Amino acid sequence: MTYIVTDACIRCKFMDCVEVCPVDCFYEGENTLVINPDECIDCGVCEPECPVDAIKPDTEDDADGKWLRINSDYAKVWPNITVKGEPPADRADFERETGKFEKYFSEKPGKGS
């Protein structure tokens, strides 16, 4: 098992999870984060840190494995992030929204740290 970042992170990107990860397996996109499943040690300390409940065990992924695939693919091309950055100013506008991947997901990398 590994943990994955899901739809709820998009346009919210609180980054509290980054601060507690003992193996620095988070990678930053322009408007979301992903976890590198090959680096994640399945400790679970990040899951309760997310205020929008975006981090899930991969056993709770969509049936087609969508989020595991997204996390795996973008962790290879986005920069590693190890220090919490500033969340988007408009994050509250998107916290309860669903279906954000289709509307807002950006393939662009973030700044990393």
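Negative side chains number 25 in the chain against 13 positive ones, and the centres of the two sets sit 6 Å apart. Keep in mind that this is a predicted model. Below is a quick tour of the fold, then a stop at Asn31.

**Fold and overall shape**
- The chain's secondary structure amounts to four strands and three helices.
- Reading from the N terminus, the order is β-α-β-β-β-α-α.
- With a radius of gyration of 12 Å, close to the 13 Å that the globule rule gives for 113 residues, the chain is as compact as a globular protein of that length.
- The C-alpha trace covers about 30 × 30 × 25 Å along its principal axes.

**Packing and surface**
- Of the 113 residues in the chain, 45% are buried.
- Take the contacts between residues at least 6 apart in sequence: 76% of them link residues at least 24 apart.
- About 5800 Å² of the chain is exposed, with carbon and sulfur atoms supplying 47% of that area.

**A look at Asn31**
- You'll find Asn31 in the loop that runs between strand 2 (26-28) and strand 3 (33-35).
- Loop or not, Asn31 counts as buried, because its relative accessibility is 10% and the cut-off for buried is under 20%.
- Its side chain gets to within 2.7 Å of a backbone atom, namely the oxygen of Tyr104.
- Setting aside neighbours within four places in sequence, Asn31 touches one run of residues at Cys9, Ile10, Arg11, Cys12 and Lys13, plus another at Tyr104, Phe105 and Ser106.

How values were computed:
Residues numbered from 1 in each chain as written. Predicted model: local features only at pLDDT ≥ 70, side-chain atom pairs only at ≥ 80, totals over all residues. Heavy atoms only, no water. Helix = DSSP H or I, 4+ residues; strand = E, 2+ residues; numbered from the N terminus. Rg over C-alpha atoms; globule rule 2.2 N^0.38 Å. Buried < 20%, exposed > 50% of the residue type's maximum accessible area, 1.4 Å probe, protein only. Contact = heavy atoms within 4.5 Å. Areas by Shrake-Rupley, 256 points an atom, 1.4 Å probe, with all protein chains shown as cover. Lys, Arg positive; Asp, Glu negative; His and termini not counted. Charge placed at Lys NZ, Arg CZ, Asp CG, Glu CD. Polar contact = N/O pair within 3.5 Å; in protein donor to acceptor, adjacent residues only side chain to side chain.
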